[in-house]
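Open your viewer and get ready to click along with this tour. At each stop you will get something to select and a short note on what is there.

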Amino acid sequence: MAAYSLISTLCSATPSLPTALSRSRTSEFSHSLSKSLTLPRNPSRAVPILSAFRNSSLSDSLSSGSDLRYGVRKFFLEEKFFSSALDSLFVFCASVVLSVGIFIADVDSASAFVINTPRKLQSDELATVRLFQENTPSVVYITNLAVRQDVFTLDVLEVPQGSGSGFVWDKNGHIVTNYHVIRGASDLKVTLADQTTYDAKVVGFDQDKDVAVLRVDAPKDKLRPIPVGVSADLLVGQKVYAIGNPFGLDHTLTTGVISGLRREISSAATGRPIQDVIQTDAAINPGNSGGPLLDSSGSLIGINTAIYSPSGASSGVGFSIPVDTVGGIVDQLVKFGKVTRPILGIKFAPDQSVEQLGVSGVLVLDAPARGPAGKAGLLPTKRDAYGRLILGDIITSVNGTKVNNGSDLYRILDQCKVGDKVTVEVLRGDHKEKIPVILESTPDET
């Protein structure tokens, strides 16, 4: 830029040709001057030209000292030679300055002529970037290690048998994830966002809802609990964001919308149905399991738990356990190490078997005598002395709420507490009976 400024200054300072000088006369003079002053290649032919120059009026004028300045000025001004020479001199000087400026400039020659415009993001893009940056420190990577014995050396080794995601629940080091992420593990490793790895211990788990709680002894300044939101007021179409470690990669963000509410899926561990599940089209790949599903404010609204895809890849249909369900489970696991969920204490037949009988309800296959249903007197299915099948009671309603299948029964029990007394209406033979049952907690699981 300095070189260009100097050129402009020099050009502006150059005296312009007199207005009386026309382009035709200047061209004529240049032609005649070049013709008279051009020296031939043969030096002997230049003698007449030099002699003529010495004999010219200009030579006479130059010979007298007093008229030297007058003769020079007269010659150059009359033929306008002075202005042309001066213009050429300024152009030459400007070229030299420009060349030197380019070589000594303390900038890259290419970047000096390139204008870099700053990257501009839209408001929704900035919000997404900020959400990822603020919530990534709360998401962890979980490695499931299993004990294996080498068939040749018989050495006992710990090898990774799976991985998944999780998130920090509180400053006490509690980590929430899916149960199927830690199932069958002999040892667990948790890697925080700063890539520090800690051994994790299982605090408790709920197989029916596919939720587990771990604990790590990490400094509190490294633990950033994720903000917990509410899932009761979710709407189909609102934006959601899933953060996890798919395929063992570093933290990854996928976006989408809520494509369905109050869906029902089966637990990967027990097959028990999980109600009120959130359906989303945000990509949930293997490794995303246990990671958080966030709303646009960055608050937790669910745990990514499964995808619906025959191939196992993301098919645009993912499911998340709602945070309202997860919150109650985590609180019980942290306090008691287990979930005290009420049960009837029965085993029932598949729904297809009952449909073939032409009735709706839950057919009781077994009711152990020590269980709530056995104590209340519900009859199981059995065979008589001749091997004939005698159907047991068929539960048709609980507390006046109709039961069409096993999912309905589980949904009703999820709304009850341990110790509640419920009225179970059953179809026994060709008549109906109402039987009071006191719900008990699930037995201890190892």
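## Stop 1: helix α12

Before you start, keep in mind that this is a predicted model. Select Gly406, Ser407, Asp408, Leu409, Tyr410, Ile412 and Leu413: these are the buried residues of helix α12. With seven of the nine residues in 406-414 buried, α12 is largely enclosed by the rest of the structure.

Now go to the start of the helix and show the side chain of Asn405. A side-chain oxygen of Asn405 comes within 3.2 Å of the backbone nitrogen of Ser407 at the start of α12.

Next, pick out Leu409, which belongs to helix α12. Is Leu409 buried or exposed? Its relative accessible area is 3%, so Leu409 is buried. Add Val362 to the selection and turn on a distance label between the two C-alpha atoms. Leu409 and Val362 are 47 residues apart along the chain, yet their C-alpha atoms are separated by 8.0 Å.

## Stop 2: helix α9

Select residues 323-336, which make up helix α9. These 14 residues should span 20 Å at 1.5 Å a residue, and the end C-alpha atoms are 20 Å apart, which agrees.

Colour the buried residues of α9 next: Val323, Val326, Gly327, Ile329, Val330 and Leu333. While you look at them, here is a handy rule. An α-helix has 3.6 residues a turn, so residues three or four places apart point the same way.

Step just past the helix to find Gly337. This glycine follows α9 and has a positive phi, near 80°.

## Stop 3: strands β8 and β9

Move to strand β8, residues 252-266, and click on Arg262. Phi of Arg262 is near 55°, which is a positive value in a residue other than glycine. Arg262 has 64% relative accessibility, so it counts as exposed.

Now select strand β9, residues 273-280, where you will find Asp276. What is the phi of Asp276? It is positive, about 60°, although Asp276 is not a glycine. The relative accessible area of Asp276 is 44%, so this residue is partly exposed.

Stay in strand β9 and select Gln279. With a relative accessibility of 13%, Gln279 counts as buried. Show the side chain of Arg263 as well: a polar contact of 2.7 Å joins the side chains of Gln279 and Arg263.

## Stop 4: the second largest pocket

The elements you have visited now come together. Which residues lie nearest the centre of the second largest pocket? Select Lys209, Asp276, Asp324, Thr325 and Asp414 to see them; the whole lining has 24 residues. The volume of this pocket is about 540 Å³.

Show β8, β9, α9 and α12 together, since each of them supplies at least two residues of the lining of the second largest pocket. The largest share, five residues, comes from α9.

Try colouring the lining by residue type. You should find ten nonpolar, seven polar and seven charged residues. Then colour by domain: domain 1 (133-336) and domain 2 (342-441) each give at least three residues to the lining of the second largest pocket.

## Stop 5: three more places to click

Begin with Thr136, in the loop between α7 (123-135) and β1 (139-149). Thr136 has 13% relative accessibility, so it counts as buried. Show the backbone of Phe132 too: its backbone oxygen lies 2.5 Å from a polar atom of the Thr136 side chain.

Next, select Leu234, which sits in the loop between β6 (211-216) and β7 (239-244). Leu234 counts as buried, at 8% relative accessibility. Add Ile301: Leu234 and Ile301 are 67 residues apart in sequence, and their C-alpha atoms are 8.6 Å apart in space.

Finish with Gly164 in strand β2, residues 156-168. What is the relative accessibility of Gly164? The value is 0%, so Gly164 counts as buried. Put a distance label from Gly164 to Gly244: the two are 80 residues apart along the chain, with their C-alpha atoms separated by 7.9 Å.

Methods:
Residues numbered from 1 in each chain as written. Predicted model: local features only at pLDDT ≥ 70, side-chain atom pairs only at ≥ 80, totals over all residues. Heavy atoms only, no water. Buried < 20%, exposed > 50% of the residue type's maximum accessible area, 1.4 Å probe, protein only. Helix = DSSP H or I, 4+ residues; strand = E, 2+ residues; numbered from the N terminus. Polar contact = N/O pair within 3.5 Å; in protein donor to acceptor, adjacent residues only side chain to side chain. Expected span 1.5 Å × (residues − 1). 1 Å grid on protein atoms, 1.4 Å probe; cavity = no way out; pocket = protein on both sides within 12 Å on 5 of 7 lines; lining within 4 Å. Points joined across faces, edges and corners; volume = space filled by probe spheres on them. Nonpolar A, V, L, I, M, F, W, Y, C, P; charged D, E, K, R; others polar. Domains from an automatic or database assignment.
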